[in-house]
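Work through the exercises below with the sequence and the model open. Try each task before reading its solution.

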Amino acid sequence: MIVATLALLTLQQPAAGSPPRDTAAGRPCVLEIDSLARVHQLASGADTNVYMAGGVLAHCKGTGTTFRSDSAAYYGGLKRWDMVGRAHVVDTSLTLDANLIIYYLRQGRLDAHNNVVAVNRGNHSTLRGPNLTYYRPVQGVRDTTETYATQRPVIDYRGAAASDTSEPYVIVADRFRSKGDDRMWWGGTVTVDRSDLAARGDSMNMDQTAGLGVLLGHPTVTGKGTQAYTLTGTRIEMGFSGREMNAIRALGNGRAAGTDWTLTADTIHMKLADRKLQQAFAFGPKDSVRARAVSSTTTMVGDSLAMDTPNQTISEVRSYRHAHSTSKRDSTMADSLADWMSGDTLLAHWIQTPDSTGKQRSTLNRVVARGTGKAFTHSYPAKPDSTRPKLIQHVDSVRTDTVVDHRPSIDYTTADLITVDLAKGQVTQVTAQGHINGFHLDPVPVKDTTKADSASKPRPRQPVKKP
């Protein structure tokens with residue numbers, strides 16, 4: 001899951017082949033030196049400070065925690081263990097590398113500085129950054145692990161039971177904090193990236209037990225690929241299972257935009273599967289903006305909307321309560337009025353058709369209105385064969401030649417069920433059932449002003465001869 005990074009440094013399950021389990025039962029570390037090349041001891045009051053060099057190995061007594069560094073120092077009064085130069089710590093839950101690691105034994109606190117690399121031994125996630133503070137459980141102090149990192153640490157998260165070769169989520173923020181295995185926080189320009197998605201926000205938090213992550217501060221989530229989408233809102237919640245996100249919710253000023261569609265509403269819920277958007281729902285309270293779905297040619301509004309987008313490709317939109325749909329037509333057509341439909345519910349269906357470049361595009365091919373349905377549509381005649389002569393017809397008894405034009409007929413229909421079929425953006429058929437009413441208007445023929453009938457021409461006036 002994108003934000004599951006979360007257990008990065010706090011997973012308590014030892015990996016296969018790990019050192020013996022911790023038998024200290026949360027007691028402060030009792031340091032034991034395994035090997036060293038040179039040592040110098042210096043008394044400091046009742047305590048002794050020890051300085052070691054030439055390669056130092058040590059461990060915490062009764063635990064599997066080990067230490068290795070080029071040199072080290074132990075300050076007896078402070079109970080502090082400093083590791084300098086290629087410092088390496090192996091704990092039951094992580095391995096930690098840095099140029100300087102300071103371990104405060106009483107507090108169970110490790111401070112790592114300069115080229116820090118921490119690897120979770122359970123899920124192989126990795127944190128890289130300039131510093132890291134890690135707290136181990138200590139009796140009477142804390143009962144769970146805590147982690148802090150600042151100055152924009154980079155976390156590669158692969159998820160539980162994932163292999164080292166699996167693609168990680170890359171999470172970057174100004175600050176990172178985790179507590180236990182299931183609670184994490186990021187603050188300051190948060191970015192989450194993987195090949196299939198990207199997320200942005202000013203802050204983010206995650207509760208793995210609840211399977212919920214939250215983005216705040218101008219949050220956005222973008223699905224990548226050939227059919228990309230972007231979701232924005234006041235607050236974005238992310239639901240997840242394991243390491244995969246399966247739901248996204250925009251709460252407040254929601255807006256989702258795909259290649260062929262745009263969805264706006266107070267609240268938008270999106271369902272994902274196989275790393276792709278599959279379905280979206282839009283709704284809001286009565287006093288907020290109505291849900292709206294827009295494609296390149298069609299706008300649908302209603303109290304709530306449901307949109308099917310299998311593999312991020314729009315296929316169907318359903319509008320509920322006070323549903324209304326408006327469709328654009330060819331801008332070259334003479335009539336500027338748009339087609340529209342309304343009803344208690346509307347269903348619009350899209351199919352994939354190739355455009356002029358051969359690329360597949362979503363095209364509206366059917367709209368169905370149910371319950372007090374109304375439809376206002378234009379029906380255009382088939383385009384003529386340009387190789388054939390234009391048809392001429394006579395109007396009334398006056399011999400006036402008129403060219404048959406290609407303006408549309410107008411239909412207004414009310415019924416319990418209305419189905420409008422379309423092809424290439426134009427209405428091809430309107431079907432109505434139950435309590436049908438309406439009218440059909442054909443266009444008035446237009447006179448051909450490019451031709452003049454000799455019979456209709458005024459005769460020239462004859463000169464009048466004077467007597």
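## Exercise 1: A pair across the chain

The side chains of Asp 156 and Arg 128 form a salt bridge, with 3.2 Å from N to O. The model is a predicted one. Task: state which strands hold Asp 156 and Arg 128, and how many residues apart they are.

Solution.
- Step 1. Place Asp 156: strand β12, residues 154–157.
- Step 2. Place Arg 128: strand β10, residues 126–135.
- Step 3. Take the separation: the two are 28 residues apart, and the pair links distant parts of the chain.
- Step 4. Classify Asp 156. Its relative accessibility is 15%, so Asp 156 counts as buried.
- Step 5. Classify Arg 128. Its relative accessible area is 42%, so Arg 128 is partly exposed.

## Exercise 2: Two more pairs

Task: decide whether Asp 82 is buried or exposed, and do the same for Asp 196.

Solution.
- Step 1. Find the partner of Asp 82. Its side chain meets that of Arg 80 in a salt bridge of 2.8 Å, N to O.
- Step 2. Apply the cut-off: buried means under 20% relative accessible area. Asp 82 has 7% relative accessibility, so Asp 82 is buried.
- Step 3. Check Arg 80. With a relative accessible area of 22%, Arg 80 is partly exposed.
- Step 4. Find the partner of Asp 196. Here the salt bridge is to Arg 194, at 2.7 Å from N to O.
- Step 5. Classify both ends. Asp 196 has 12% relative accessibility and therefore counts as buried. Arg 194, with a relative accessible area of 3%, is buried.

Task: name the network that Arg 194 and Asp 196 belong to.

Solution.
- Step 1. List the members: Glu 167, Arg 194, Asp 196, Glu 244 and Arg 275 are linked by salt bridges.
- Step 2. Set this in context: the structure's count of salt bridges comes to 17.

## Exercise 3: The largest cavity

Task: find which elements give two or more residues to the lining of the largest cavity.

Solution.
- Step 1. Count the cavities. There are 4 of 30 Å³ or more.
- Step 2. Take the largest, which holds about 80 Å³ of space.
- Step 3. Read its lining: Ser 325, Ser 327, Asp 339, Trp 340, Met 341, Val 367, Phe 376, Thr 377, Val 420, Leu 422 and Val 427.
- Step 4. Map the lining to elements. Those giving two or more residues are β27 (316–327), β28 (339–354), β29 (360–379) and β32 (409–423).
- Step 5. Sort by class: 7 nonpolar, 3 polar and 1 charged.

## Exercise 4: The second largest cavity

Task: find which element gives the largest share of the lining of the second largest cavity.

Solution.
- Step 1. Note the volume, about 40 Å³.
- Step 2. Read the lining: Trp 261, Ala 293, Val 294, Ser 295, Thr 298, Met 300, Met 307, Ile 314, Val 317 and Trp 350.
- Step 3. Pick the elements with two or more lining residues: β24 (291–295) and β25 (298–302).
- Step 4. Choose the top contributor. β24 gives the largest share, 3 residues.
- Step 5. Sort by class: 8 nonpolar, 2 polar and no charged.

## Exercise 5: A surface patch

Task: name the residues that make the nonpolar surface patch of about 220 Å².

Solution.
- Step 1. Identify the members: Ile 33, Leu 36 and Val 39.
- Step 2. Locate Ile 33: strand β1, residues 31–35.
- Step 3. Classify Ile 33. At 38% relative accessibility, Ile 33 counts as partly exposed.

How values were computed: Residues numbered from 1 in each chain as written. Predicted model: local features only at pLDDT ≥ 70, side-chain atom pairs only at ≥ 80, totals over all residues. Heavy atoms only, no water. 1 Å grid on protein atoms, 1.4 Å probe; cavity = no way out; pocket = protein on both sides within 12 Å on 5 of 7 lines; lining within 4 Å. Points joined across faces, edges and corners; volume = space filled by probe spheres on them. Helix = DSSP H or I, 4+ residues; strand = E, 2+ residues; numbered from the N terminus. Nonpolar A, V, L, I, M, F, W, Y, C, P; charged D, E, K, R; others polar. Patch = residues over 30% accessible without salt bridge, like charges linked within 9 Å, V, L, I, M, F, W, Y side chains within 5 Å. Areas by Shrake-Rupley, 256 points an atom, 1.4 Å probe, with all protein chains shown as cover. Salt bridge = Lys/Arg side-chain N within 4 Å of Asp/Glu carboxyl O. Buried < 20%, exposed > 50% of the residue type's maximum accessible area, 1.4 Å probe, protein only.
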